[in-house]
Amino acid sequence: MLAEALEHLVAGVVDHPDDVSVRTRQLRRGRLLEVRVHPDDLGKVIGRGGRTATSFRTVVSALSDSGVRIDFVDIDGR
């Protein structure tokens, strides 16, 4: 549910919504949501001073019952 909600939120901000994907990984320290976007959209997702990324993290943490980390990655960074 969190991955789908985050993908929907990010797709609404970027210019290339078809290139948005969210992958969930379970790590020792908790769950990680890895958001992949088109390289041209990485700046939009992070925002000025990281404000947009912080907003995404705030919304996801409010929806989550446990600690979730979010990483933003461009598609070329595979």
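**Exercise 1. Following the hairpin**

Find which residue of β2 is the bridge partner of arginine 25, then work out how β1 and β2 are paired.

*Solution.* Let's go one step at a time.

- Step 1: The bridge partner of arginine 25 in β2 is leucine 32. Keep in mind that we're looking at a predicted model.
- Step 2: Try two other positions. Arginine 23 is bridged to glutamate 34 of β2, and leucine 27 has glycine 30 as its partner there.
- Step 3: Now the direction. β1 and β2 run antiparallel, with 7 bridges joining them.
- Step 4: The link between them is a hairpin, with 2 residues between the two strands.

**Exercise 2. Building the sheet**

Work out the order of the strands in the sheet, and say which strands stand at the edges.

*Solution.*

- Step 1: Look at the other side of β2. There, 7 bridges join β2 to β3, and this pair runs parallel. For example, leucine 33 stands opposite isoleucine 70 in β3.
- Step 2: Put the pairs together. The result is an open sheet of 3 strands in the order β1-β2-β3, and the pairing is mixed.
- Step 3: Check the edges. β1 (21-27) and β3 each have a single partner strand, so each has one side without a neighbour in the sheet.
- Step 4: Add the twist. On average, neighbouring strands of the sheet are turned by 25° against each other, direction ignored.
- Step 5: See how covered β2 is. Of its 8 residues, 7 are buried, so you can call this strand mostly covered.

**Exercise 3. Reading helix α1**

Decide which residues of α1 are buried and whether they line one face of the helix or are spread around it.

*Solution.*

- Step 1: Pick out the buried residues of α1: Leu2, Ala3, Leu6 and Val10.
- Step 2: Look down the axis. The buried residues of α1 fall within an arc of 95°, so they line one face of the helix.
- Step 3: Turn to the face pointing away from that buried side, and you meet the exposed residues Glu4 and His8.
- Step 4: Ask what does the covering. For the buried residues of α1, the cover includes β1, β2, α2, α3 and β3.

**Exercise 4. Testing helix α3**

Check whether the span of α3 agrees or disagrees with its 13 residues, then find its buried side.

*Solution.*

- Step 1: Helix α3 covers residues 51-63, and at 1.5 Å a residue its 13 residues should span 18 Å.
- Step 2: Compare with the model. The end C-alpha atoms of α3 are 19 Å apart, which agrees.
- Step 3: List the buried residues: in α3 they include Ala53, Phe56 and Val60. These three cover an arc of only 60° around the axis, which puts them on the same side of α3.
- Step 4: Flip to the face turned away from the buried side, where α3 carries the exposed residues Arg51 and Ala62.
- Step 5: Name the cover. Among the elements over the buried residues of α3 are α1 (2-11), β2 (30-37), α2 (42-46) and β3 (68-74).

**Exercise 5. The aromatic pair**

Find how the rings of phenylalanine 56 and phenylalanine 72 are arranged, and which parts the pair ties together.

*Solution.*

- Step 1: Search the whole structure for aromatic pairs, and you get 1.
- Step 2: Use the geometry. The ring centres of phenylalanine 56 and phenylalanine 72 are 6.0 Å apart and the planes meet at 45°, so this pair is tilted.
- Step 3: Place the partners. Phenylalanine 56 lies in helix α3 and phenylalanine 72 in strand β3, so the pair ties together parts that are 16 residues apart in sequence.
- Step 4: Check the surroundings: phenylalanine 56 and phenylalanine 72 are both buried.

**Exercise 6. Two residues up close**

Is threonine 24 buried or partly exposed, and what is histidine 38 in contact with?

*Solution.*

- Step 1: Threonine 24 sits in strand β1. Its relative accessibility is 42%, so it counts as partly exposed.
- Step 2: Leaving aside neighbours within four places in sequence, threonine 24 is in contact with Ala3, Arg31, Leu32 and Leu33.
- Step 3: Move to histidine 38, in the loop between β2 and α2. With neighbours within four places in sequence left aside, the contacts of histidine 38 are His16, Asp19 and Ile75.
- Step 4: Try two distances. Threonine 24 and isoleucine 70 are 46 residues apart along the chain, with 9.4 Å between their C-alpha atoms. Histidine 38 and valine 59 are 21 residues apart along the chain, with C-alpha atoms separated by 22 Å.

Technical notes:
Residues are numbered from 1 along each chain as its sequence is written. This is a predicted model: local features need pLDDT of at least 70, side-chain atom pairs count only at pLDDT 80 or more; totals for chains, interfaces and linings use all residues. Side-chain values use heavy atoms; hydrogens and water are left out. Helices (H or I, at least four residues) and strands (E, at least two) are DSSP runs, numbered from the N terminus. The expected span of a helix is 1.5 Å times one less than its number of residues. Buried means under 20% relative accessible area, exposed over 50%, partly exposed in between (1.4 Å probe, protein chains only). The arc is that of the directions from the helix axis to the C-beta atoms. Contact means heavy atoms within 4.5 Å. Two strands pair if DSSP finds at least two bridges between them. Axes are lines fitted to C-alpha atoms, for helices over the stretch in contact, and angles run from 0 to 180 degrees between N-to-C directions. Rings of Phe, Tyr and Trp (its six-membered ring) pair if their centres lie within 6.5 Å; planes under 30 degrees apart count as stacked, over 60 as edge-to-face and the rest as tilted.
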